[in-house]
Amino acid sequence: PAFNCDSVIIIFKANLIMARLSEFYSMQKSGISRISFHYLVPSLHFRDRTKVKDFLFALFRKHNKGVEAINYIFCSDKYLLGLNREYLRHNTYTDIISFELSAVDEPLIADIYISVERVRENAKAYGTSFKKELHRVIFHGALHLCGFKDKTFKDGDVMKVMENRCLAEYFVSREMGLKINKIRDHH
């Protein structure tokens, strides 16, 4: 058989596709690609996304929730107000709206919209950093998907306890890891 350049190109492309599929499969297996962050606002710089995803997966596992696809969409007040009016019939600003789209007893499919402007305002109002308030709201959305509510005072109190627990676990574990690495570096 004669050397065929087209055959070589096809084989090369097939190998490239197989490598990418293998990479995609390993991401799916680890769960990393099943939680996604999307930005409708240019002003957000959100670091440590993989660490947040890992923490969220651990939270979902702890509450016996499978995950098919969860989208966190960071947006403006105006955008979220429009969703609030259209879908929930509320004419108020809010920091987060969660839409669970999955069937009962099926892995989670959800869109979680977060107003970056509201998070900034809430951080100032509550005397905390933007970073911690952003994580609080991210965890708040996940907790809703785990079945926690916040419509009554009692439910709201439970939600606040759970948010604080998530923040403590996320940030303390990170700080402890940094301290452990520092100790290792000195020895």
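Let's start with the order of the elements. From the N terminus, the protein chain runs α-β-α-β-α-β-β-α-α-α. That makes six helices and four strands. Keep in mind that this is a predicted model. The chain has 187 residues, and 34% of them count as buried. Now look at contacts with a separation of 6 or more. Residues 24 or more positions apart account for 61% of those.

On to α5. This helix covers residues 130-145. It has 16 residues and reaches 23 Å from its first C-alpha to its last. The expected figure is 22 Å at 1.5 Å a residue, so the two are close, going by 1.5 Å times one less than the number of residues. Is α5 enclosed or open to the outside? Twelve of its 16 residues are buried, so the helix is largely enclosed by the rest of the structure. The buried ones include a run you can follow on screen: E133, L134, H135, R136 and V137. I138, F139, H140, G141, A142, L143 and L145 are buried as well. After α5 comes G147, with a positive phi near 110 degrees.

Next, the packing. The largest nonpolar core has 37 residues. Which of them have the most contacts inside it? They are F60, Y72, F74, I114 and I138. Several elements each supply at least two residues of this core: β1 (35-39), α2 (49-62), β2 (67-75), β4, α4, α5 and α6. The largest share, seven residues, comes from α5. Another core lies apart from this one. It has seven residues, among them I73, L80, F99 and Y113.

Stay with I138 for a moment. Set aside its neighbours within four places in sequence. I138 is then in contact with F46, V52, L56, Y72, F74 and I114. Y72, F74 and I114 are also on the list of residues with the most contacts inside the largest core.

Now the largest pocket. It holds about 850 Å³ of space. Its lining has 31 residues, and the closest to its centre are D95, I96, H140, H144 and D150. Five elements give two or more residues to the lining: α3 (77-88), β3 (96-100), α4 (116-126), α5 (130-145) and α6 (153-186). Which one gives the largest share? It is α5, with seven residues. So α5 has the largest share in the pocket lining, and in the largest nonpolar core too. As for chemistry, the lining divides into ten nonpolar, eleven polar and ten charged residues. H140 deserves a second look. It is buried in α5, and it is among the residues closest to the pocket centre.

A few single residues to finish. R89 sits in the loop between α3 and β3. Its phi is positive, near 60 degrees, and it is not a glycine. R89 is exposed, with a relative accessible area of 67%. D105 is another residue with a positive phi, about 65 degrees, although it is not a glycine. D105 lies in the loop between β3 and β4 (108-115). It is exposed, at 77% relative accessible area.

Last one, D54. Its place is in helix α2. Where does D54 fall, buried, exposed or partly exposed? It is partly exposed, with a relative accessible area of 41%. D54 and I35 are 19 residues apart along the chain. Their C-alpha atoms are separated by 9.4 Å.

Definitions and conventions. Residues numbered from 1 in each chain as written. Predicted model: local features only at pLDDT ≥ 70, side-chain atom pairs only at ≥ 80, totals over all residues. Heavy atoms only, no water. 1 Å grid on protein atoms, 1.4 Å probe; cavity = no way out; pocket = protein on both sides within 12 Å on 5 of 7 lines; lining within 4 Å. Points joined across faces, edges and corners; volume = space filled by probe spheres on them. Nonpolar A, V, L, I, M, F, W, Y, C, P; charged D, E, K, R; others polar. Buried < 20%, exposed > 50% of the residue type's maximum accessible area, 1.4 Å probe, protein only. Core = buried A, V, L, I, M, F, W, Y, C linked by side-chain atoms within 4.5 Å. Contact = heavy atoms within 4.5 Å.
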